[in-house]
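Work through the exercises below with the structure open. Try each task before reading its solution.

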Amino acid sequence: MRKMNSEMMEIIISYVDQYFCEKHVTPSVNEIAQGVDIPKTTAYRYLVEMDNRGMIEYDGQSRAINTPMINKFTTGSAPCPVVGSIPCGTAEEKEECIREYISLPVSLFGRGEFYILEACGDSMVDAGIDDGDRVVIRMDCEARVGDIVVALLGDNESTLKVYGGIDAENQEAILLYRNEAVYPGKEIRTKDLIVQGVARHVIKAL
């Protein structure tokens with residue numbers, strides 16, 4: 001490989017910082033290579049050399065990259081797992097699978113048990129949640145009427161809906177859709193409801 005170019009090093013740092021700001025996770029080596037238009041092996045060697053020079057922190061693992069800007073952002077942050085998707089439509093079974101971790105600033109979210117789900121479907125668009133958005137879910141809190149919740153129904157079916165409280169007469173939990181154009185007045189009623197968390201923030205899809 002040719003002598004490493006300091007200008008390319010700055011380009012890589014700038015790309016990593018911009019990627020992190022947009023997606024809240026650092027890019028993979030392959031994404032860096034594509035983003036700055038160099039071969040993947042070259043990108044890897046640059047990252048190793050930049051780590052040796054103290055310009056970044058890189059331990060050789062995918063997405064394990066810290067720049068000075070990212071370090072400032074993640075100070076006082078906690079790792080949060082991204083565990084797959086949740087339907088915003090008809091309830092359906094989903095198996096949790098951790099895809100990656102991202103950092104949540106404690107100053108904004110506080111300390112607690114969080115995870116992130118990717119929304120799929122259109123039943124929550126009136127609540128500002130579109131298909132492909134990521135939703136930050138807090139587990140260690142009680143759901144109140146009007147909260148957006150991850151609802152586990154009978155037969156391990158999960159869905160993202162607005163919690164409408166309990167119908168005292170029938171002892172049924174009420175889950176509400178939020179897309180009047182497509183699902184006017186639609187709701188789910190169930191006696192087998194487990195709330196697996198309450199939505200606290202939406203990260204919009206790019």
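**Exercise 1.** In which loop does Asp-37 lie? Then state its exposure and its phi.

*Solution.* This is a predicted model. Start with the position: Asp-37 sits in the loop that joins α2 (29-36) to α3 (40-52). Next, check the surface. The relative accessible area of Asp-37 is 70%. The cut-off for exposed is over 50%, so Asp-37 counts as exposed. Last, read the backbone. Phi of Asp-37 is near 65°, a positive value in a residue other than glycine.

**Exercise 2.** Treat Gln-171 in the way used above.

*Solution.* Place the residue: Gln-171 belongs to the loop between β9 (157-167) and β10. Then take the area. Gln-171 has a relative accessible area of 52%, which makes it exposed. Finish with the angle. Gln-171 is not a glycine, yet its phi is positive, at about 55°.

**Exercise 3.** Locate Pro-68, classify its exposure, and give its distance from Gly-54.

*Solution.* Pro-68 is part of helix α4 (residues 68-74). Its relative accessible area is 48%. Exposed needs over 50% and buried needs under 20%, so Pro-68 is partly exposed. Now the distance. Pro-68 and Gly-54 are separated by 14 residues in sequence, and their C-alpha atoms are 9.9 Å apart.

**Exercise 4.** Is the chain a compact globule or more spread out?

*Solution.* Count the elements to begin: the chain has 5 helices and 12 strands. Compare the radius of gyration with the rule. The chain has a value of 21 Å, well over the 17 Å that the globule rule gives for 206 residues, so the chain is more spread out than a compact globule. Then look at the spans. The C-alpha trace extends about 75 × 30 × 25 Å along its principal axes.

**Exercise 5.** What share of the chain is buried, and what does the chain expose?

*Solution.* Of the 206 residues, 43% are buried. The exposed area is about 11,400 Å², and carbon and sulfur atoms supply 46% of it. Turn to contacts between residues at least 6 apart in sequence: 59% of these join residues at least 24 apart. Add the charges. The chain has 21 positive and 33 negative charges, and their mean positions are 6 Å apart.

**Exercise 6.** Where is confidence lowest, and where is it highest?

*Solution.* Take the whole chain before its parts. The average pLDDT is 86, and 91% of the residues score at least 70. Confidence is lowest in strand β4 (residues 92-93), with a mean of 52. Confidence is highest in strand β10 (residues 172-176), at 95.

Methods
Residues numbered from 1 in each chain as written. Predicted model: local features only at pLDDT ≥ 70, side-chain atom pairs only at ≥ 80, totals over all residues. Heavy atoms only, no water. pLDDT = per-residue confidence, 0-100. Helix = DSSP H or I, 4+ residues; strand = E, 2+ residues; numbered from the N terminus. Rg over C-alpha atoms; globule rule 2.2 N^0.38 Å. Buried < 20%, exposed > 50% of the residue type's maximum accessible area, 1.4 Å probe, protein only. Contact = heavy atoms within 4.5 Å. Areas by Shrake-Rupley, 256 points an atom, 1.4 Å probe, with all protein chains shown as cover. Lys, Arg positive; Asp, Glu negative; His and termini not counted. Charge placed at Lys NZ, Arg CZ, Asp CG, Glu CD.
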